[in-house]
Structure formats: structure tokens, C-alpha cells
Amino acid sequence: MDRLLDTVKGHQLSRRNVIFGAALGVIVPTLLAGCSTGGGGATTNAIGAPRTGTAAKGGILRIARPPASKAETLDPASSLSAYEYLGALYNRLVKLSTSGSLLPDLAASWQQTPDAMTWTFTLRSDVSWHDGKPFTSADVVYTMQHILDPATASPQAGVLSPFLTGSSISAPTATTVVFALSSPNAEFASLLAGYNCYIIPAGSAATIGASGIGTGPFSLTSFTAAGPGAVARNESYFGDKPMLDSIEFSSIADTQARVNALLAGQVDFIAQTNLDFASAKLVTASTTVTVSTIKNAQWYPVPMLNSSAEFSNPLVRQALAHAYNPTEVLQLSVQNYGTVAKNNPVPPTEAYYLDYGLDYDPDKSKSLLKQAGMDSFTSDIYTSTYDPVLTPLALALKGSMAPSNITLNVVNASADSYYTDVWMKKPLMTTYWYTGRPIDQLLNQIFRSGSSYNETAYSNPTFDQTLDAARATVDDAKRKTLYQDAQKILIDDGGSLTPFFSDRLVGLSKKIVNYDEHGFEFDYLKIGFEAV
């Protein structure tokens, strides 16, 4: 699976091909008959999701994950981090709840000056590292400087560096950290909940990739890049102790092989794999394993590269945005397991979400093409088997756009090189991200002019200025209005199609209770095996 797109950079996975008929009519709408997408931001009970209940203390959870690059590391700041391990080994200053609210983690409290230029975090005083050393503010300063160091090449550096430098972070006491920003940012604290912002010990940059020393609920037992590893319960953890004794990670390259291991009882849980519907049907037919639905866990954009000859004209981009039926595309791509987005990449669960989008209108699409001097439009759309939704999405868009005189030629590219040779290089492609980002990070990291993850090369000074104004606005209601203004600009003018948010289908044992997932991680504390 994604990795979110930030996570996929540098990873090479093989995925079983998802075969669909040319007419798309071979997709069977009853593969998971009786299933419902349900509500809320975590798991539902619609398709045999694991029960909530009392977990027995103890047990070993066996997780199958896709193999990543052999350069994979336990350094949270890296774009090649071993993501399944991070929430087990480390903590951040703050974390996001499944509803998007900001919660304390290593920071007990925080406050900002009225101009949102200076942020002060008061740290917990009862935290130790896995090696027994006390956690202090020096560790936080070091971690943030490590993230901001260009040599680290952290994805989070591009988010923070416009208004923060390593020298502007100070530790006046062992339990106090002060961030002096170069420009106001009322959303700054939320950015520290990013998955790259797990705190590491001071001075550990050279060794953290292998040692995994953190403050988290589990400590490292073993780790092999792109291979097996294990973590064990940290009895000295400052918070509630995990129910499990340990977690064992195995690395299985092929999606179907991971499913087979689950069905055979060799593993209990498949991480980072959005099951295709054929696999989900096999899993739901089993008496020992099930499928858990994670509502709106991923979004599947179709970036139109604004710097390309095909999509430099906003009229052409707008024509494609009106040319497809999002309801039809949702059905054909993911069997309605998701939510129509209508080209807004901000999920409807986000507090700053704007309920606005572009409607399906083939006549308007053709009119926009004529204004651009075209009677029809043809483009290749690239896809791969990297994620099982990418090819069905491309095929669904091809069929849905045809009545608008838009012809899409589906090109299947190699999964192993998709995010090096296609992403951010080809004019039109399918891709995906995890939801769960704070809105300031989402809009700035993926759509701001010049951002390293701006996959459409979108550049709009008014959009950028609106984001700056939102950051500088302390008043919550006014800041919400500005982020919503930015969404409208992006939707009307942007280079990315976002047909839907997709639920994620996760395979796991029926013995597991209290499974809950949000963004990049699941709840490592409550998950366990049902008490008998």
C-alpha cells in the first residue's frame, strides 16, 4: 500500500495485478454483499470488523507488511522510515485524535503568543528513553534540528522550514521548549503531529536508524530493513501499557502472498495493504479472519501536471474536472466503499472542510474545451499495480469522460519504478495519499507553489497568499474561512482531480479486538487478542 505518497518515495513494491474487463461491467457489485461503509473515522462493524471488547493481556501480534527499500530506516524523520514501527517505538509532542483534535503526547501543555509567532511547550517530566535515560527538552531541540537539516532530507522540512530554523528553537529549562517562528502560524502545533515528528534522543542521528531507541509503548527487539523485526512491551512506558507482549513483523512482497499467509493463520494482521475486492471476498468467506473498513482512509487524486503542454491551460483542467461522473467512478473503482469528493482533496471529517465541489457536466466540459480551441482532447493516463485501486480508477475515468469528447489512453507502468519514473513526471496519472494530515500541512505540502511534494506543479499566488493569511490568523472562525477560501481557489483552478475518498479494507484475524486506525498508524495500546 502507500504509503502515502510521501511514504512511497524510494519504496519498491510488487502488487498483484487487478484485472478488469474493458467495459468495466465485469466488476461484480455484490462481491461484498451486505457490507456498508458505515460512519465515523475508525473501524466499522459492517463487514465483520474486529469486535471491541476486553483484550487479554499478553500475546504476540504477527503483522505482515510489504518489503520496502533496503535503505529503510527507523529514523522517523526520513522519507524511508519503517512506518509500521514508528507509533510503537516513539512519541511526538502532540498527536491527532481520530476526529482531528490536538492531544498532548510528550508535551503536557502548550501556548502561543497573541501574534502566533512564539510557541512554548511544557513537557512531561515522567518520561524515560528505552535505555533508561530521562527525556528532556534537549531531545526535542535536537530532533527538530535533525528534521530541518537539509542532509536529513525529511519530508517535514519542507513544511516547517518556511517559518522555522534550527537556531530559533530553544530549551530554557529541562521541561520547556520554545519555538520562535519567523512568520506567524496559528496552526503550528498541529504540524508537530506529522508522522516525521516523532522525538528521538539527542545526539542519536547516526544510530537511530538501527537502534530505534524511543519513549514509546514498545521497545525494539530486532529490525532488518525490508525484512523481519520485532518489538516488545515497554514496562516503563509513561502512559497506559499495551495489552500485547510483543509484535512480530514479517516482510512479504506480494499482496496475494500476504493474504494467503493471513488465511493460513501464519500472520494475524496485514499492514499497509488496501485489499482488492477479490482478495476481500476470500477473506470475508473465511471463518478465522475478517476485513475491517477504515472510513475515508485514503484519497485518490489524478494529478494533471500544470507545467506540461497538455494541462498548462486552466480551461483544459476545468474541462476534465466537469467531464466525469464521480458517483459512477466511485462505484466502478471501489464498489462505493468511500465518499464522493468532487475534486476537493480536504476530507469531509476535517474541521475546516468546505462543502463545495465541481459537478458532473459534460456539456460544460465540451464548452470549456471549445474555449480552449479544441473540439476534443486526448491524453495518456498512467497507472500501475502498485495499489489495487489505481488501474480501476483510470479505467473508470476513461469510460466516464468519453461522452465529453475526452479520450484517455490507459498506460500501465511498472510498479517498481512508478514513483520514480511516473509520479510528478507524466502529465496525467493516478496516485493516492493517506488522509489524516492537518489542513495546513495538506494544502501547503501538496499544493503550494514550489513545494517538494507538489505533484501537479500547481502555482497560484492568490492561493499561496490565502494560506499565509490563514496561518497568521489567530481567530479560529476567521482562519477557518481563509482555509475554506483556499479550498475554493484550488477546486476551481487546481490541477488535480479528486473523484473520491476511499475506505481502506484491512485483513486481520477474528481473534483481534479493539483495532483502530487513523492516518499512518493504529492504536498500539488497546489492540489485543480477545479474552476467553
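Start by selecting helix 14: I439, D440, Q441, L442, L443, N444, Q445, I446 and F447 are buried there (buried is under 20% relative accessible area, exposed over 50%, partly exposed in between, with a 1.4 Å probe and protein chains only). That is 9 of its 9 residues, and the helix is mostly covered. Helices here are DSSP runs of H or I with at least four residues, strands are E runs with at least two, and both are numbered from the N terminus.

A quick note on what's on screen: this is a predicted model, where local features need pLDDT of at least 70, side-chain atom pairs count only at pLDDT 80 or more, and totals for chains, interfaces and linings use all residues. Residues are numbered from 1 along each chain as its sequence is written, and side-chain values use heavy atoms, with hydrogens and water left out.

Now add helix 15 (residues 461-472), whose axis comes within 11 Å of the axis of helix 14 (residues 439-447), crossing at roughly 150 degrees. That makes the two helices roughly antiparallel. Axes are lines fitted to C-alpha atoms, for helices over the stretch in contact, and angles run from 0 to 180 degrees between N-to-C directions; over 145 counts as roughly antiparallel, under 35 as roughly parallel, 65 to 115 as roughly perpendicular and the rest as oblique.

Show side chains next: D440, L443, N444 and F447 from helix 14 meet F463, L467 and R471 from helix 15 (contact means heavy atoms within 4.5 Å). By class, that contact has 4 nonpolar, 1 polar and 2 charged residues. Ala, Val, Leu, Ile, Met, Phe, Trp, Tyr, Cys and Pro count as nonpolar, Asp, Glu, Lys and Arg as charged, and the others, Gly among them, as polar.

Keep R471 displayed and pick A186, in the loop between strand 8 (176-180) and helix 5 (188-191). Leaving aside neighbours within four places in sequence, A186 touches R471, along with Q112, A116, W119, T473, V474 and R479. A186 counts as buried at 9% relative accessibility. Try a C-alpha distance to D476: 8.8 Å, with the two positions 290 residues apart along the chain.

Then hop to S168, in the loop between helix 4 (157-160) and strand 7 (169-173). Its relative accessible area is 18%, so S168 is buried. The S168 side chain reaches the backbone oxygen of T165 at 2.7 Å. Beyond neighbours within four places in sequence, S168 is in contact with V178, F179 and A180.

Last stop: T284 in helix 8 (residues 277-284), partly exposed at 32% relative accessibility.

Conventions:
A polar contact is a pair of N or O atoms within 3.5 Å; within protein, one must be able to donate a hydrogen and the other to accept it, and residues adjacent in sequence count only if both atoms are side-chain atoms.
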